Amino acid sequence: MKRKGLNTVKRILCVILSLAIAVNVCSYNDVYTVNAAEKTFPLAMAKNLAMTNSKSCRKLRVQISMKKAKYAESVKKLTLKRKNQSTFRWSPLLSFKFPETPDLVDEFEYAYKPLSIQSEIDKLKHELSDAKYAVYEEVTNLYVNIYTLQEKIAFDEKRLETINDEISSNEAKVVLGLASQSDVDSMKKSQKKLNDKLASEKRDFENKKKDMKTLTKLDVTTGYKFENPYIDISISRAN
């Protein structure tokens with residue numbers, strides 16, 4: 001009987017030990033997963049990715065490259081034409097051509113054509129600058145909205161935890177006659193209002209992150225946190 005009882009105790013101890021090990025392993029895996037998924041998505045990266053993936057900026061850069069190539073080709077042709085006009089030329093068929101003085105049409109072409117193409121390049125560069133500012137403004141405003149929502153959600157979740165604790169505490173006090181049911185009902189109204197506010201913020205937060213994904217082509221909807229984009233500068237009293 002004693003031996004049988006000992007075996008039973010051993011089996012119980014083995015089961016308890018196995019459960020303890022399983023709980024520890026699960027807890028370790030949970031903590032590891034959360035820490036591994038934690039990544040910061042900085043504003044500078046958002047700007048760079050948005051700029052790289054901007055269709056309008058890409059189109060303007062291609063146009064500028066094409067215009068620069070056209071400018072180089074045009075200058076080369078005009079330089080050769082001017083050189084031919086100003087030198088004595090002949091061919092094996094005894095066709096002689098003496099130096100020529102450029103007429104008004106030639107002079108206009110030499111002076112105006114490169115300037116015209118350069119003017120088009122300068123115009124495209126200004127358009128590219130405007131497009132860059134537009135992209136920076138759009139992605140910065142979106143980033144600020146996302147960060148603000150992130151912080152609001154964190155703050156409201158803490159408030160909700162506090163309200164939930166207060167409700168539990170006051171419900172216990174009602175049973176003991178130390179608090180009134182009306183106080184608990186009032187707290188539950190605040191709880192519902194805060195829950196609704198949180199749900200709205202979370203929906204907006206997810207939608208804004210999808211917009212960021214569209215701009216940057218990086219999936220930031222899960223596994224990313226956003227850093228504070230607001231400028232924080234300490235100025236000395238003397239300055």
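Of the 239 residues in the protein, 21% are buried. The model is a predicted one. About 18,000 Å² of the protein is exposed, and carbon and sulfur atoms supply 59% of that area. The secondary structure consists of five helices and four strands. Their order along the sequence is α-β-α-α-β-β-α-α-β. Contacts over long stretches of sequence were also counted. Among contacts with a separation of 6 or more, 75% join residues 24 or more positions apart.

Helix α2 spans residues 43-52, and its buried residues are Leu 43, Ala 46, Ala 50 and Met 51. These residues lie on the same side of α2, because they cover an arc of only 125 degrees around the axis. The spacing of residues along a helix bears on such patterns. An α-helix has 3.6 residues a turn, so residues three or four places apart point the same way.

Helix α2 was then examined together with helix α5. Two packed helices are described by the angle between their axes and the distance between the axes. Helix α5 covers residues 181-216. The axes of α2 and α5 come within 7 Å of each other and cross at roughly 55 degrees. The two helices are therefore oblique to each other. On the α2 side, the contact is made by Ala 46, Leu 49 and Ala 50. On the α5 side, Met 212, Leu 215 and Thr 216 take part. By class, five of the residues in this contact are nonpolar and one is polar, with no charged residue. Ala 46 and Ala 50 thus appear in two settings: they are buried residues of α2, and they belong to the contact with α5.

Beyond α5, the chain enters a loop that leads to β4 (224-226), and Lys 217 is found in this loop. The phi angle of Lys 217 is near 65 degrees, a positive value in a residue other than glycine. Lys 217 has a relative accessible area of 56% and is exposed, because the cut-off for exposed is over 50%.

Lys 208 is found within helix α5 itself. Lys 208 and Leu 142 are 66 residues apart along the chain, yet their C-alpha atoms are separated by 7.1 Å. Leaving aside neighbours within four places in sequence, Lys 208 is in contact with Leu 142, Asn 145, Ile 146 and Leu 149.

Helix α4 comprises residues 104-176, and Val 174 is found in this helix. Val 174 counts as partly exposed, with a relative accessibility of 24%. In sequence, Val 174 and Val 184 are ten residues apart; in space, their C-alpha atoms are 8.5 Å apart. Val 184 is also one of the contacts of Val 174, neighbours within four places in sequence being set aside. The others listed are Ala 179, Ser 180 and Gln 181.

Tyr 133 also lies in helix α4. At 60% relative accessibility, Tyr 133 counts as exposed. Tyr 133 and Met 51 are 82 residues apart in sequence, and their C-alpha atoms are 9.7 Å apart in space. Met 51 is one of the buried residues of α2.

A further residue was examined in helix α3. This helix spans residues 55-86 and includes Ser 74. Ser 74 has a relative accessible area of 7% and is buried, because the cut-off for buried is under 20%. When residues up to four places away in sequence are not counted, Ser 74 touches Lys 113 and Ile 117.

Key:
Residues numbered from 1 in each chain as written. Predicted model: local features only at pLDDT ≥ 70, side-chain atom pairs only at ≥ 80, totals over all residues. Heavy atoms only, no water. Buried < 20%, exposed > 50% of the residue type's maximum accessible area, 1.4 Å probe, protein only. Contact = heavy atoms within 4.5 Å. Areas by Shrake-Rupley, 256 points an atom, 1.4 Å probe, with all protein chains shown as cover. Arc of directions from axis to C-beta. Axes fitted to C-alpha atoms, helices over the stretch in contact; angles between N-to-C directions. Parallel < 35°, antiparallel > 145°, perpendicular 65-115°, else oblique. Nonpolar A, V, L, I, M, F, W, Y, C, P; charged D, E, K, R; others polar.
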